[in-house]
Amino acid sequence: MKRFLKLYTIEQKLGFRSCDGIIFGILMPVGVLLLIAMIAGGKTAGDSGYTFLQSAYASLIAVGICAGAFMGVPLTIADYRDKKILKHFFVTPCSPVQLLGADMLCNAVNAIFSAVAITVVATVIFDYRMDGKPAIFIGAWILTLVSMFSIGFMMASLCRTVKAANAVTSAVYFPMLFLSGATIPFELFPKGLQKVASVLPLTQGIRLMKAASLGVQMDDAVKIVMLLIGITVVCSLISVKTFRWE
């Protein structure tokens, strides 16, 4: 545990020095929230029965998860591998699980800061109030975070070079960001695009968080939970089995 905490502390210091996580994980979702709330915050989102602000809250909280899972973890590990830093880790007592875990915790902290910033802005400036139970919402957030980060772990293990990691992360990050409803309200998508976007795992995570924040029942909630748990288990196993130090 002491070894893990030391590794995490170093990773977190390096993470705070990087502006990418702050820009894309915190400032961008807060900026989008301000735009949505000022332009159409009180208007009903389609025929959903709730406002755009209520819809945007849970969706934009997923942006912090998306930034860390699909850009932060894979690119960091690929950069370490490319610079032979992982090769030096190999001769230390550090294991792949500890390294990936420290990197996940580092990016999860950024996601927490993002969620807190969005909550403060929505509550203080726009008088947002969650209709659902906060404990259920936090549980949905944690499940979404863990499942999305497991995908990031798999990408980090499979991508051997920074060039490959950049290509793969871009191919995953931008569709997840724009088609899952994380930034553009899902209710504005045409029906055909909604069906396509529903295939994305982040879309299901956002659906779960949105239902929890709105306090509405979902007929397929158990199915979504099992799907996200399945993604977590499968992707985590693949990442551990395929991880290479160089």
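## A helical core and two residues to look at

The largest nonpolar core in this predicted model has 70 residues, and those with the most contacts inside it are Phe 70, Ile 77, Leu 99, Trp 141, Leu 145, Met 148 and Met 209. Such a core is a set of buried Ala, Val, Leu, Ile, Met, Phe, Trp, Tyr and Cys residues joined through side-chain atoms within 4.5 Å. Helices that each supply at least two residues of this core include H1 (2-17), H5 (96-125) and H6 (134-158). H3 gives the largest share, 16 residues. Helices here are DSSP runs (H or I, at least four residues), numbered from the N terminus.

Let's look at Ile 77: leaving out residues up to four places away in sequence, its contacts (heavy atoms within 4.5 Å) include Leu 86, Leu 99 and Phe 243.

Now for two further residues, side by side. Buried means under 20% relative accessible area, exposed over 50%, and partly exposed in between (1.4 Å probe, protein chains only).

| Residue | Location | Relative accessible area |
|---|---|---|
| Asp 127 | loop between H5 and H6 | 53%, exposed |
| Ser 147 | helix H6 | 0%, buried |

Asp 127 has a positive phi of about 55 degrees, although it is not a glycine. Most residues other than glycine have a negative phi.

For Ser 147, a polar atom of the side chain lies 2.9 Å from the backbone oxygen of Thr 144. Ser 147 also touches Leu 228, Ile 231 and Thr 232, not counting residues up to four places away in sequence.

A note on reading the values: residues are numbered from 1 along each chain as its sequence is written, and side-chain values use heavy atoms, with hydrogens and water left out. As this is a predicted model, local features need pLDDT of at least 70 and side-chain atom pairs count only at pLDDT 80 or more, while totals for chains, interfaces and linings use all residues.

Key. Polar contact = N/O pair within 3.5 Å; in protein donor to acceptor, adjacent residues only side chain to side chain.
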